[in-house]
Amino acid sequence: MAAVDSFQFLYREISRSCSSYFETLALVGALYTASRAVILLSDCCTLVRVHFLPRMIPSKKLSQRYGDWAVISGASEPVATAYAEELARHGISIIFVTRDDASVRDVAASISRRYGVQTAVVSADFSLGHAASKPIREAIRGKDIGFLVNCVDESLTFPQSLIEMPEQGLLDQVHKNVTVATLMTRLVLPGMVERSRGAVVNISSAACCRPLRGRVTLTAFTGYLDHFSRALHLEYSSRGIFIQSLIPFQIASSRLQPPSSSSSSSSSSSSLSSREGWFVPKPEVYARHAISTLGVSNRTTGYWPHTLQFGLMRCIPESIWVLGSRVLSAS
């Protein structure tokens with residue numbers, strides 16, 4: 001009985017009977033660890049392939065790969081302006097399409113003077129309906145349009161409840177962020193398909209990847225642009241057209257903020273966006289990195305520190321994200 005009551009004896013017997021389970025659990029653990037290591041290695045390789053190799057290895061001129069002209073929609077947005085300037089630095093002529101042409105004409109003249117390219121400004125109000133497309137058709141007629149850049153409206157980043165938005169303001173946002181991007185693509189795409197080359201770039205926000213309290217319209221409109229881009233890529237990539245969805249996190253002057261677990265005030269949002277840093281680049285810095293990913297990745301943040309942020313965000317289950325958002329917003 002002494003031997004039977006001994007703890008060492010009981011432990012040996014239990015271990016002997018459970019040894020097969022321990023081995024199974026150890027095998028499962030080893031397989032899981034190996035799978036996570038493979039995923040991490042794959043993500044690191046993708047990071048290098050998308051963000052570093054294109055900047056180190058010279059490639060064909062953008063005009064030879066895509067075309068001589070770029071159409072910039074949402075031209076008054078800082079990111080769109082910076083993207084246009086970076087294209088001009090590569091010798092691409094620019095057509096700005098905007099609702100308020102007065103705010104863009106000085107920028108167009110400056111780009112033309114600095115880089116020696118042609119620029120044009122087209123005023124188009126898509127809330128007027130089909131008539132808005134006529135001046136755009138005339139502006140692009142006979143031109144080798146190689147790029148179309150659509151950019152989300154930065155004013156969406158300010159926290160505002162959906163029921164607090166006036167109806168007319170909401171309709172204007174639908175026109176600016178859904179209608180314009182869709183119709184501009186419809187206007188430019190036939191010429192690209194005919195020439196079997198071109199690039200459509202939709203700049204939205206990483207807000208499309210997670211729901212945000214107080215930013216329903218931002219999440220919805222950026223989600224539309226992201227899925228619109230992915231659907232276009234599926235349909236037209238085989239016809240020589242490169243479709244890219246850019247989903248940046250916060251950019252210094254544009255206030256395109258990353259998904260946040262809390263709803264901050266407009267003043268704190270503005271002060272946060274004014275601080276530049278490694279994870280909060282200037283629009284010019286972001287545009288330089290984003291253009292290097294053309295032809296490499298059809299869906300990317302466009303800036304490698306943002307890709308690190310995106311990887312961390314993916315590790316958080318959406319249920320935990322929503323729970324944390326509710327807890328932090330209630331405190």
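Is Glu85 buried or exposed? Keep that question in mind while you look over the whole model, which is a predicted one, and return to Glu85 a little further on.

**The whole chain**

Begin with the protein chain displayed as a cartoon, where you can trace twelve helices and seven strands. The chain has 331 residues, of which 43% count as buried, and its accessible surface comes to about 17,000 Å², with 59% of that belonging to carbon and sulfur atoms. If you turn on contacts with a separation of 6 or more, 76% of them are accounted for by residues 24 or more positions apart.

**The largest nonpolar core**

Next, select Ile72, Tyr83, Leu87, Ile94, Phe96, Phe147 and Leu294, which touch the most other members among the 35 residues of the largest nonpolar core. Colouring by element helps here, for two or more residues of this core are given by each of strand S1 (69-73), H4, strand S2 (93-98), H5, strand S4 (145-151), S5, strand S6 (241-246) and helix H10 (283-291). Helix H4 supplies the largest share, seven residues.

Now centre the view on Ile94 and, leaving aside its neighbours within four places in sequence, show what is in contact with it: Trp69, Ala70, Ile72, Ala84, Leu87, Ala88, Gln118, Thr119 and Ala120. Apart from the largest core lies another one, of 26 residues, and you can find it by selecting Val97, Val188, Val200 and Tyr236, which are among its members.

**Salt bridges, starting from Glu85**

The structure holds eight salt bridges, and the one to select now joins Glu85 to Arg114, with their closest N and O atoms 2.7 Å apart. This pair links distant parts of the chain, since Glu85 sits in helix H4 (residues 78-89) and Arg114 in helix H5 (residues 102-115), 29 residues apart. The opening question can be answered here: Glu85 counts as buried because its relative accessibility is 19%, and buried means under 20%. Its partner Arg114, at 54% relative accessibility, counts as exposed.

Stay on helix H4 and select Glu86 and Arg89, which lie three residues apart, about one turn of the helix. They too form a salt bridge, the closest N and O atoms being 2.5 Å apart. Glu86 counts as buried at 7% relative accessibility, whereas Arg89, at 47%, counts as partly exposed.

Move on to Asp226 and Arg299, whose side chains meet in a salt bridge of 2.9 Å, N to O. Asp226 belongs to helix H8 (residues 216-236) and Arg299 to strand S7 (residues 299-300), so this pair ties together parts that are 73 residues apart in sequence. Asp226 is buried, at 2% relative accessibility, while Arg299 is partly exposed, with a relative accessible area of 29%. Before leaving the charged residues, select Asp144, Arg195 and Arg197 together, as these three are linked in a network of salt bridges.

**A buried asparagine**

What does the side chain of Asn202 make polar contacts with? Select Asn202 in strand S5 (residues 198-203), and note that this residue is buried, with a relative accessible area of 0%. Its side chain makes a polar contact of 2.9 Å with the side chain of Asn150, and another polar contact, of 2.7 Å, joins it to the side chain of Ser229. To complete the view, leave aside the neighbours within four places in sequence and show the residues in contact with Asn202, which are Asn150, Leu225, Phe228, Ser229, Gln244, Ser245 and Leu246.

Terms used: Residues are numbered from 1 along each chain as its sequence is written. This is a predicted model: local features need pLDDT of at least 70, side-chain atom pairs count only at pLDDT 80 or more; totals for chains, interfaces and linings use all residues. Side-chain values use heavy atoms; hydrogens and water are left out. Helices (H or I, at least four residues) and strands (E, at least two) are DSSP runs, numbered from the N terminus. Buried means under 20% relative accessible area, exposed over 50%, partly exposed in between (1.4 Å probe, protein chains only). A polar contact is a pair of N or O atoms within 3.5 Å; within protein, one must be able to donate a hydrogen and the other to accept it, and residues adjacent in sequence count only if both atoms are side-chain atoms. Contact means heavy atoms within 4.5 Å. A salt bridge is a side-chain nitrogen of Lys or Arg within 4 Å of a carboxyl oxygen of Asp or Glu. Accessible areas come from the Shrake-Rupley method with a 1.4 Å probe; for residues, only the protein chains shown count as cover. A nonpolar core is a set of buried Ala, Val, Leu, Ile, Met, Phe, Trp, Tyr and Cys residues joined through side-chain atoms within 4.5 Å.
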